[in-house]
Amino acid sequence: MAVKRIKINGKTISARVDESILEAAKDADIHIPTLCHLEGVKDVAACRVCLVELETPSGNRLVPACVTQIEDGMSIKTHSPKLNEYRRMIVELLFAEGNHVCAVCVVNGNCELQNLAIEVGMDHSRFEYRFPVREVDLSHNSFGKDQNRCIFCTRCVRVCDEIEGAHVWDVAGRGYKSSIISGLNQPWGTVDACTECGKCVQSCPTGALFKKGSAVSEMEKDQSTLEFLVNARQKHEWTR
Amino acid sequence: MSKIKVATVWLAGCSGCHMSFLDLDEWLFELSKYVDIVYSPIADLKEFPDNVDATLVEGAIANEENLELAYKIRERSKVVISFGDCAITANVPAMRNMLGKSDSVLKRAYLELGTITPQLPNEPGIVPPLLEQVRPLHEVIDVDLFIPGCPPPAPRIKEVLEALVQGKSPAMEGREMLKFG
Ligand code: SF4
Ligand code: SF4
């Protein structure tokens, strides 16, 4: 198999030619924080948390590790004061943008956004909180959507489209008026295409999609079914 | 060694952060060797004193009284600490912000949901008027240190107070010190 050599944090590693920086780093056990990335679905570089510093002759450039293919001889830094500061700013902006009231949230204690806030050392948001007015949709039999906690990672959109093949979810609007919509912007419970598989719920990193009846801290996301399906697909485990 | 002067203040919060402070149990006796509590909802003092070394502020800024006291606290304290999620993010008290400005909040709470003689509270000089929006403490005054948590667990508070007593700044990092909620 063709390999390329790259340097991450000064250490030379070899990686498959078709890998992204994120995949190469992962294979070498080097941690790069991510948020919108989900194993098995296409990367969209929406959150920018995986930004790394790429050394170029004209100075260091910031590139998202999830969608940047490796090139022979690349030299990358995964952590630096600048990257740490940018990552922390991104997380602070996410907290200031929506309504994150962790104390009364279904995923309090099991939340990827909350964990990332700890990782980047956020003790408060330096950005003014917006307190937007956002919808809660409880029309579905089994699941609920709380737009207050949504960070627009679009994991739900991609998992429903690419893994389940139902394409229930889409993004509507622009900028701060964006929202995640089901069907033709109709209540989730009325969307015939929804197979009630719950993959979107399990893939959602926050408390935005949840199982109905979950109280504070009760919702734990379980991505094992997703991993199973993705692995089976990649390794063709269903073909004899 | 002379004792440091510490104040604790209860603004728009549920007093849970203070309960968590009291959860330090017998360690509070230890603390009292190094610290004088000069103002607190658990001590009966009317006026916020001068020359406070460190003030722990629980709660968000929700009404005019909160705001006035916040300015006073900043003027009279060397170190101001946002104590808990309500002070840091405005948290649960700020859920009223989604209803709009103060008049729609009052209408919703006292008229639409009022059962017996619905009426708007109006006691000038006694009941402080609501601000249009509930805001975190650091959006109205400068804050030197943040202790997240709803409430911050007692060991987290202890970690901070121990550092303050020793004149150090506490290392606010890792899950034990930083988790919100
Ligand atoms: S989704 Fe996560 S960060 Fe947002 S309120 Fe819930 S626990 Fe907190
Ligand atoms: S609902 Fe959840 S998975 Fe979907 S975009 Fe929002 S945060 Fe991401």
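The paragraphs below describe the confidence of a predicted model, the two domains of chain A, and the interface of chain A with chain B.

Residues are numbered from 1 along each chain as its sequence is written, while chains are lettered from A and ligands numbered from 1 in the order in which they are written. Because the model is predicted, local features need pLDDT of at least 70, side-chain atom pairs count only at pLDDT 80 or more, and totals for chains, interfaces and linings use all residues, with side-chain values based on heavy atoms and with hydrogens and water left out.

Confidence comes first. The model scores ipTM 0.94 and pTM 0.95. For chain B, the mean pLDDT (the predictor's confidence in each residue, from 0 to 100) is 96, and 99% of the residues reach 70 or more.

Chain A is divided into domain 1 (3-79) and domain 2 (85-234), with bounds that come from an automatic or database domain assignment. The C-alpha centres of these two domains of chain A lie 25 Å apart. Their contact (heavy atoms within 4.5 Å) takes 24 residues from domain 1 and 23 residues from domain 2. Together the two domains of chain A bury about 1600 Å², and 63% of this area is on carbon and sulfur atoms; buried area here is the accessible area (1.4 Å probe) that two parts lose on being put together, summed over both. Of the area that domain 1 of chain A buries against domain 2 of chain A, 37% is supplied by L35(A), L38(A) and V41(A), more than by any other three residues.

What, then, is the count of salt bridges between domain 1 of chain A and domain 2 of chain A? The count is zero, a salt bridge being a side-chain nitrogen of Lys or Arg within 4 Å of a carboxyl oxygen of Asp or Glu. There are, however, nine residue pairs in polar contact between the two domains of chain A (both at pLDDT 80 or more). A polar contact is a pair of N or O atoms within 3.5 Å; within protein, one must be able to donate a hydrogen and the other to accept it, and residues adjacent in sequence count only if both atoms are side-chain atoms.

Over all chains, the structure holds 20 salt bridges. Among them, R16(A) pairs with E19(A), the closest N and O atoms being 3.7 Å apart. Another joins the side chains of E112(A) and R155(A) at 2.7 Å, N to O.

Turning to the interface, 22 residues from chain A and 24 residues from chain B take part in the contact. Chain A and chain B bury about 1900 Å² between them, 68% of it on carbon and sulfur atoms. I118(A), D123(A) and F131(A) supply 34% of the area that chain A buries against chain B, more than any other three residues. Across this interface of chain A and chain B, the rule finds one salt bridge. The side chains of E128(A) and R135(B) meet in a salt bridge at 4.0 Å, N to O. Seven residue pairs are in polar contact between chain A and chain B (both at pLDDT 80 or more).
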